[in-house]
Structure formats: C-alpha cells, structure tokens
Amino acid sequence: MHTPVTIIGAGLGGLLLARVLHVHGIPATVHEAEPSPTSRTQGGMLDIHEHSGQLALAAADLTDEFRGIVLEGRQATRLLDRAGTVLFDQADDGTGTSPEVQRGELRRLLLDALPDGTVRWGHKATGARALPGGRHEVTFADGTTAVTSVLVGADGAWSRVRPLLSTAVPAYVGRSFVETFLYDADTRHPAASKAVGAGTLAAFDPDGHGKWLVAHREKDGTLHAHLSLTKPQDWFAAIDFTDAAAASARIAREYDGWAPELTALITASGPTLRPLHALPVGHRWDRVPGVTLLGDAAHLSPPDGAGANLAMQDGADLGLALAAHPDDVEVAFAAYEQALFPRSAAAAAVAPRDPTPQEIIDFFAPPAR
C-alpha cells in the first residue's frame with residue numbers, strides 16, 4: 001500500500017496506528033493540535049491489559065520497550081471505606097497481568113518509534129468535508145488544509161472527523177471527576193501516602209450517594225487522585241475552579257465525615273474538573289468511503305480502566321487490516337469496523353453508571369483480577 005494514511009490526533013490510538021503502519025511499510029502523517037510533544041502533561045497511570053493494550057504493543061513490535069517503562073510494584077491494590085478502614089489489600093506479587101505505566105512515558109515511547117516528521121504539531125483540526133472520489137479535506141486552525149483518500153479520526157471526544165460519518169455527539173453522563181495531585185507525598189503528606197499504599201487505592205461511601213475516589217501512586221512520591229461526584233453540570237458551574245482553595249474546600253464538604261487521610265487528597269491540592277461525557281452505547285455508522293474512526297472519536301464512554309487499551313487495540317487492528325488489504329482500503333476499513341462495533345458496544349454498555357460498593361469490592365477481589 002503506497003497511499004499515505006492521514007491520522008488526525010496524536011493520542012495513544014493514533015500513534016499506535018501510525019507505528020503499526022510504519023512496521024508494515026505504509027506511510028502515514030499524524031496531525032496534532034498540541035504545539036509540541038511537551039506542551040502539556042499527559043495524564044497519570046495506565047494499566048495495560050493483557051488482551052488489548054499489550055497485544056496492540058506487540059503488533060507495533062514494541063513489547064520490549066514497553067517492559068522498560070513499567071513501574072514495578074504498582075499493581076498493588078487496596079480498598080477502604082470512608083472511615084479509612086481497609087476492606088481489601090493485595091500486594092503486587094509479580095503475577096498481575098496489567099502492568100502500570102505513566103501515560104506520558106508510553107506516548108513518548110510511541111513517538112520515538114516513528115520516523116522524524118511523522119507528527120505535524122500545531123495542526124488543530126477545525127473541520128472536515130467530503131470531496132469527490134472518496135477523498136476528504138481537513139481544515140486546520142492555522143488556515144492550512146490536508147486532502148487525503150485515507151482519513152482516520154483519532155481526535156478524541158470532540159472529534160472534527162466524526163461528523164463525516166455520524167451525527168452523534170457526546171452527552172454528559174451525570175457525573176464528573178475532580179482531579180488532584182499531591183507531590184512529594186511521602187514527606188509532605190505521610191498519612192495520605194500511607195492510605196494509598198504502593199499502587200492503587202479505591203475508597204467509597206458504603207451508603208452510596210454517588211461518591212468515591214481512586215488514587216494512584218506515580219513516580220517520585222506523587223499521588224494522583226480522581227474523585228467521582230454524581231452531580232449536574234450546573235452544580236459544578238457554581239464552583240470557581242480558578243480559586244484553588246475555595247474549590248478544594250467546596251469539594252471537600254461533599255466528603256464530610258471521611259477520614260482525614262482521605263480528604264487530604266482533596267484539600268492539599270488544587271482541583272481540576274473533568275466532566276464525563278459519552279457517545280450512545282452501540283454507536284456505529286454506515287461505511288463511508290475513505291474515512292473511519294478510532295478511540296474516543298468512535299466510542300467515547302466514562303473512564304473504566306479500559307479506554308486507553310481499547311484505543312490502542314483500535315489502532316493496531318486498523319493498521320493490521322490496512323496491511324492485510326493494501327490494495328483495497330474499503331475492504332480494510334469494513335473488516336476493522338466489523339470487529340470494532342461489537343467490541344466497543346460491549347465495553348460501553350457497562351461504563352455509564354457509578355459502581356455500587358459491592359461492585360467495587362468485586363472488582364478488586366482476586367477472582368475478578
């Protein structure tokens with residue numbers, strides 16, 4: 001296949017696709033809105049699943065490099081109630097199948113595995129339109145355009161490519177995450193550090209109320225927490241998140257009565273609001289010549305630990321389909337979508353609601369792992 005593939009979005013899925021195409025000698029260009037690979041932080045920890053993310057990295061011939069960035073010991077898990085009582089505690093004994101890595105380091109690994117110039121930084125897509133003959137034109141914020149006969153939208157929740165295929169738009173799911181970071185926690189926040197433990201902490205209200213928190217131990221003593229609150233968007237709109245102290249205090253009131261080592265994950269850090277949106281469960285589209293989607297652009301759902309893995313699996317599957325059908329892009333796209341639609345529908349069907357306390361316990365219990 002000599003026709004270049006145009007990929008919009010340099011997230012994990014788009015980069016994984018570009019790498020698999022490179023392995024098979026297929027040229028690709030990735031257009032990314034960010035001005036540089038270091039212009040912003042890339043999120044926190046990811047557990048890379050054995051039957052999705054790891055298989056995708058194997059298809060990209062990057063398994064050894066991936067193993068080199070795994071953070072040992074981070075598969076330890078513990079479950080606490082709001083009083084700080086430990087309900088479940090499992091050390092990382094080396095037998096876990098979902099090793100943890102920093103998202104930023106995984107993205108850097110993928111970038112380093114691509115030829116220089118593959119990613120065109122500062123190319124923020126603002127729209128796309130169909131042209132005759134199955135071609136498409138993508139317009140960027142700087143006024144430039146790209147015309148291609150093989151277009152892949154890997155540009156996330158608010159994809160500018162998706163409207164070529166679907167009228168679906170993400171809808172708020174009724175809850176949001178509030179994200180916090182505690183730095184040098186072993187020294188500055190020892191009680192919170194002890195509560196989180198060596199890997200992942202989940203804490204919840206046994207009475208429900210739609211609130212819980214998850215915290216991860218990252219590199220250099222950093223604790224990265226996500227607090228889940230089931231509230232309408234206008235409730236969050238009334239909070240001034242530019243005033244870190246006032247926002248922290250307001251969010252902390254929702255966790256009144258929780259153990260201080262848990263509420264420290266809120267009050268010791270400036271919070272960032274992350275509203276959660278989703279596409280309709282079972283989102284799909286009719287085959288449109290020359291264009292397809294992957295990752296959140298195709299199947300956005302609330303975070304459940306699988307999103308990054310699914311995006312990479314999408315990228316690998318699409319790359320392999322194009323390599324298997326180098327002379328017929330439409331056959332490749334159709335084969336890819338035939339597997340994509342049921343897989344993403346099954347994943348999204350269980351994601352939109354808050355887990356019950358018992359489901360959280362079951363998730364961390366040994367039989368489920």
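This passage describes two open sheets and a helix that lies across one of them in a predicted model.

A convenient place to begin is the three-stranded sheet. Its strands follow the order β8-β9-β10, and the pairing is antiparallel. At its edges stand β8, covering residues 125-130, and β10, covering residues 145-148, each of which pairs on one side only. From one strand to the next, the twist averages 20 degrees. Within this sheet, strand β9 (residues 136-140) is joined to β10 by four bridges, with the two strands running antiparallel. One pairing can be followed at residue level: valine 138 has alanine 146 in β10 as its bridge partner.

The seven-stranded sheet comes next. This sheet is also open, and its order reads β5-β4-β13-β14-β15-β12-β16, with mixed pairing. Strands β5 (86-90) and β16 (272-278) each have a single partner strand, so one side of each lacks a neighbour in the sheet, and these two form the edges. Here the twist from one strand to the next averages 20 degrees. Inside the sheet, five bridges connect β13 (residues 200-204) with β14 (residues 211-217), and this pair is antiparallel. Readers tracing that pair in the structure may like to look for threonine 200, whose bridge partner in β14 is histidine 216.

A helix completes the picture of the seven-stranded sheet. Helix α9, spanning residues 260-267, lies across five of its strands: β4 (77-81), β12 (171-182), β13, β14 and β15 (223-229). Relative to β12, helix α9 runs at about 100 degrees.

Conventions: Residues are numbered from 1 along each chain as its sequence is written. This is a predicted model: local features need pLDDT of at least 70, side-chain atom pairs count only at pLDDT 80 or more; totals for chains, interfaces and linings use all residues. Side-chain values use heavy atoms; hydrogens and water are left out. Two strands pair if DSSP finds at least two bridges between them. Axes are lines fitted to C-alpha atoms, for helices over the stretch in contact, and angles run from 0 to 180 degrees between N-to-C directions. Contact means heavy atoms within 4.5 Å.
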